[in-house]
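The following paragraphs lead the reader through a single structure, beginning with its helices and continuing to its sheet. Please keep the sequence and the three-dimensional view at hand while reading.

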Amino acid sequence: MSPMIAHSDDDIRRCLPAMLALRGHLTPEQAFEQIRSQQANERFVLAFIPAEDPAEPAPAVVGYRLMNFLYCGKTIYIDDLSTLPSARGKGYASALVDFVVDQARQSGCQCISLDSGQNPARYDAHRLYLNKGFNITSHHFKLDL
């Protein structure tokens, strides 16, 4: 279970079913275009657990960005971590978090951060983050325009 970074269009398309399990408001084409734009402009990395059969979709994905903030310095921000419903409970998300931690250390980051929704559907994800040593450090505020 070695994560890979999605570079090619085919890799990204293999990641879309797992990504859309979390980001269901997007169509596959919207998600594809957004990922390509973020890769080109925002230091966005999409990593995935490859399926045993290369023709099958990736069972789990993580999208993250390398950023710098005044409050915490160099960081990796995890935008998305998602597993296909049929693949949950198999350790894929845990392996992807470990992969991101390794990437952050190799990049000289001071921290990794993420936001996660507050509802019962996210409790398994919260448990994973807490078990991996993440702390709840702030409230996230949003103003829709």
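**Helices, sheet and selected residues**

Helix 1 and helix 2 lie oblique to each other. In this predicted model, helix 1 spans residues 9-22 and helix 2 spans residues 28-41, and their axes come within 10 Å and cross at roughly 120°. The angle counts as oblique because it is neither over 145 degrees, which would be roughly antiparallel, nor within the range of 65 to 115 that is roughly perpendicular. The crossing of helix 1 past helix 2 is right-handed. On the side of helix 1, the contact is formed by Asp 9, Ile 12, Arg 13, Leu 16 and Leu 20. Helix 2 contributes Pro 28, Glu 29, Ala 31, Phe 32, Ile 35, Arg 36 and Gln 39. Sorted by character, the residues of this contact comprise 7 nonpolar, 1 polar and 4 charged.

Helix 1 also holds Asp 11. Is this residue buried or exposed? With a relative accessibility of 14%, Asp 11 counts as buried, because the cut-off for that class is under 20%. Beyond its neighbours within four places in sequence, Asp 11 is in contact with Ile 5, Ala 6 and Phe 48.

Between helix 2 and strand 2 there is a loop, and Arg 43 is found in it. Most residues other than glycine have a negative phi. Arg 43 is not a glycine, yet its phi is positive, at about 55°.

The sheet may now be followed strand by strand. It is an open sheet of 5 strands in the order 1-2-3-4-5, and its pairing is mixed. Strand 1 (4-5) and strand 5 (111-114) are the edge strands, each of which pairs on one side only. Helix 3 (residues 92-106) packs on this sheet and touches strand 1, strand 2, strand 3 (60-69), strand 4 (73-83) and strand 5. The direction of helix 3 makes about 165° with that of strand 4.

Strands of a sheet pair through backbone hydrogen bonds, in either a parallel or an antiparallel arrangement. Strand 1 runs antiparallel to strand 2 (residues 44-49), to which 2 bridges join it. Ile 5 has Ala 47 of strand 2 as its bridge partner. Strand 2 in turn pairs with strand 3, again in the antiparallel sense, over 6 bridges. Here Phe 48 stands opposite Val 61 of strand 3; Phe 48 is also one of the residues in contact with Asp 11.

Strand 3 and strand 4 are joined over 10 bridges, in the antiparallel sense. These two strands form a hairpin, with 3 residues between them. Opposite Val 62 stands Leu 81 of strand 4, and opposite Leu 66 stands Ile 76, also in strand 4. Strand 3 is mostly covered, as 7 of its 10 residues are buried. Strand 4 is largely enclosed by the rest of the structure, because 9 of its 11 residues are buried.

Thr 83 offers a closer view of strand 4, in which it lies. Its relative accessibility is 10%, so Thr 83 counts as buried. What surrounds Thr 83, leaving aside its neighbours within four places in sequence? Thr 83 is in contact with Ala 21, Pro 59, Ala 60, Arg 88, Tyr 92 and Ala 93.

At the far end of the strand order, strand 4 and strand 5 pair over 4 bridges, and in the parallel sense. The bridge partner of Thr 75 is Cys 111 in strand 5. Ser 113 has its place in strand 5 as well. Although strand 5 is an edge strand, Ser 113 is buried, with a relative accessible area of 16%. Leaving aside its neighbours within four places in sequence, Ser 113 is in contact with Tyr 71, Thr 75, Ile 76, Tyr 77 and Ile 78. Ser 113 and Ile 78 are 35 residues apart in sequence, while in space their C-alpha atoms are 6.3 Å apart.

How values were computed: Residues numbered from 1 in each chain as written. Predicted model: local features only at pLDDT ≥ 70, side-chain atom pairs only at ≥ 80, totals over all residues. Heavy atoms only, no water. Pairing = 2+ DSSP bridges. Contact = heavy atoms within 4.5 Å. Axes fitted to C-alpha atoms, helices over the stretch in contact; angles between N-to-C directions. Parallel < 35°, antiparallel > 145°, perpendicular 65-115°, else oblique. Left-handed = near helix turned anticlockwise from the far one by under 90°. Nonpolar A, V, L, I, M, F, W, Y, C, P; charged D, E, K, R; others polar. Buried < 20%, exposed > 50% of the residue type's maximum accessible area, 1.4 Å probe, protein only.
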